[in-house]
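Welcome! Here is a short tour of a protein fold, written for someone meeting structures like this early on. Have a look at the model first, then read on.

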Amino acid sequence: MVDVCFALVGSVPHNSRALRQLRALVRLGLCIEAFGFGPPAALPTNLQDAVRYHALPLPERQGPRFFWQVHRCLSAALRTCRARVYHASDLYVLPALAAAARRHGGRLVFDARERYPYVAGTAGRPLRQHFWKLVERRYIRRADLVLTVSDGIAEHLVRDYGIAPPLVLYNAPEAPAAADPSASLRRRLALPDHVVVFLYQGHLRPGRGCLPPLEALPDVPDAVLVYLGEGPLAPTIRERAAALGVAERVHLLPPVLPDELLAVTASADVGLVLLEDTCLNHRLALPNKLFEYLAAGVPVLASDLPELRRVVETYRVGCVVDPANPGALAAAMRRLAEDPTLRRRLAANTGAAFAAHSWAHRAPRFQEAYRNLLCDA
């Protein structure tokens, strides 16, 4: 029997939140079996001795069909996995882990990373939204511990399901970035010192604010836009950059492993967190990239959404703007590009903002919650 069976849809070795949690559990001396979906990949070396990782094939379908394929595949893989705690790192794996926990008498943890019934993929699709509501409602109440990523999502889960307040674990790195000149974007792209680097890092997908800063770039001279990631919008970004006449100022770079990311992030001048207000989940989100920018000492330009606004304005680490307003977005980008004093002042506040949300600050609460679970398991 292992101590923890951990699962998510996606690659565990490429998921920064999963890696932080696994490292915290390994520090408790726990033996872990982890399951992910996608191509085979190796865990970081500091996890390989304590975590046995299984990469399962990722289904190609979407929506409920995708869920059922994930459920069947994971359920089969879990038949021989006996654990004291079953940790569902997203809603899609929760039913399979709940069944395994019941079968083997283990405890159940659910990490509600999103407001799953209200993500962008369910907007305007009431039947799909209803399906995910039913799944979440049925299984979240079976969890012995619920985790989530923002105070706003925690409040909604309590209101909707009458559960105890979830433990909020922000998607923040453990420590600030260490300086590494060899990882500099400016050096890699041979950019002059006076050029301002606006950085978007993460998946290139609709609704995540990839395109609005590109549309504004022609009105922001002496600035470049760097995309650090991959996704279905990459071809659109290239085509639109050419049409706007800014192709030479737009750079698409491949994603970087979580443990190497912050050194690259730190070389940007402004980090972009321009989630579009397309669903409740976006309004309540605090994306990884926000805290990665703060950990790297980079001021941010963020969407004027409740949770983002709270962090940015409380700690004075950037500006907020409606990304659906092209004029306002271009003006905000110009202001940040043309005022190095403002950027330095905002950057000086990132340390306090990061410290308040960092994984190092939250990890002891996560470990204590797990100790309590294991005492009863």
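Helices and strands here are runs assigned by DSSP, with at least four residues for a helix and at least two for a strand, numbered from the N terminus. Counted this way, the protein has 17 helices and 13 strands. Please keep in mind that this is a predicted model.

**Overall shape**
- The radius of gyration of the protein is 21 Å, close to the 21 Å that the globule rule gives for 377 residues, so the protein is as compact as a globular protein of that length.
- Along its principal axes, the C-alpha trace spans about 60 × 45 × 35 Å.
- Of the 377 residues, 57% count as buried.
- The accessible surface comes to about 16,100 Å², and carbon and sulfur atoms account for 51% of it.
- Take the contacts between residues at least 6 apart in sequence: 67% of them join residues at least 24 apart.

**The open sheet**
- Strands of a sheet pair through backbone hydrogen bonds, either parallel or antiparallel.
- In this protein, seven strands make an open sheet with parallel pairing, in the order β3-β2-β1-β4-β5-β6-β7.
- The edges are taken by β3 (51-56) and β7 (167-168); each has a single partner strand, so one side of each has no neighbour in the sheet.
- Strands β1 (residues 2-7) and β4 (residues 83-88) run parallel and are joined by five bridges.
- To find one such pairing, look at Val-4, whose bridge partner in β4 is Val-85.

**Helices packed on the sheet**
- Helix α1 (residues 16-27) packs on the sheet and touches β1, β2 (32-37), β3, β4, β5 (107-112) and β6 (145-148).
- The direction of α1 makes about 175 degrees with that of β1.
- Helix α6 (residues 151-161) also packs on the sheet, where it touches β5, β6 and β7.
- The direction of α6 makes about 140 degrees with that of β6.

**Nonpolar cores**
- The largest nonpolar core has 42 residues, and those touching the most other members are Leu-74, Leu-78, Leu-97 and Phe-110.
- At least two residues of this core come from each of β1, β2, α3 (63-77), β4, α4 (94-104), β5, α5 (126-140) and α6.
- Helix α4 gives the largest share of this core, six residues.
- Which residues does Leu-74 contact, leaving aside its neighbours within four places in sequence? They are Ala-7, Phe-35, Phe-37, Leu-56, Val-93, Ala-96 and Leu-97.
- A second, separate core has 40 residues, including Leu-191, Val-195, Leu-199 and Leu-275.

Notes
Residues are numbered from 1 along each chain as its sequence is written. This is a predicted model: local features need pLDDT of at least 70, side-chain atom pairs count only at pLDDT 80 or more; totals for chains, interfaces and linings use all residues. Side-chain values use heavy atoms; hydrogens and water are left out. Two strands pair if DSSP finds at least two bridges between them. Contact means heavy atoms within 4.5 Å. Axes are lines fitted to C-alpha atoms, for helices over the stretch in contact, and angles run from 0 to 180 degrees between N-to-C directions. A nonpolar core is a set of buried Ala, Val, Leu, Ile, Met, Phe, Trp, Tyr and Cys residues joined through side-chain atoms within 4.5 Å. Buried means under 20% relative accessible area, exposed over 50%, partly exposed in between (1.4 Å probe, protein chains only). The radius of gyration is taken over C-alpha atoms; the globule rule is 2.2 Å times the number of residues to the power 0.38. Accessible areas come from the Shrake-Rupley method with a 1.4 Å probe; for residues, only the protein chains shown count as cover.
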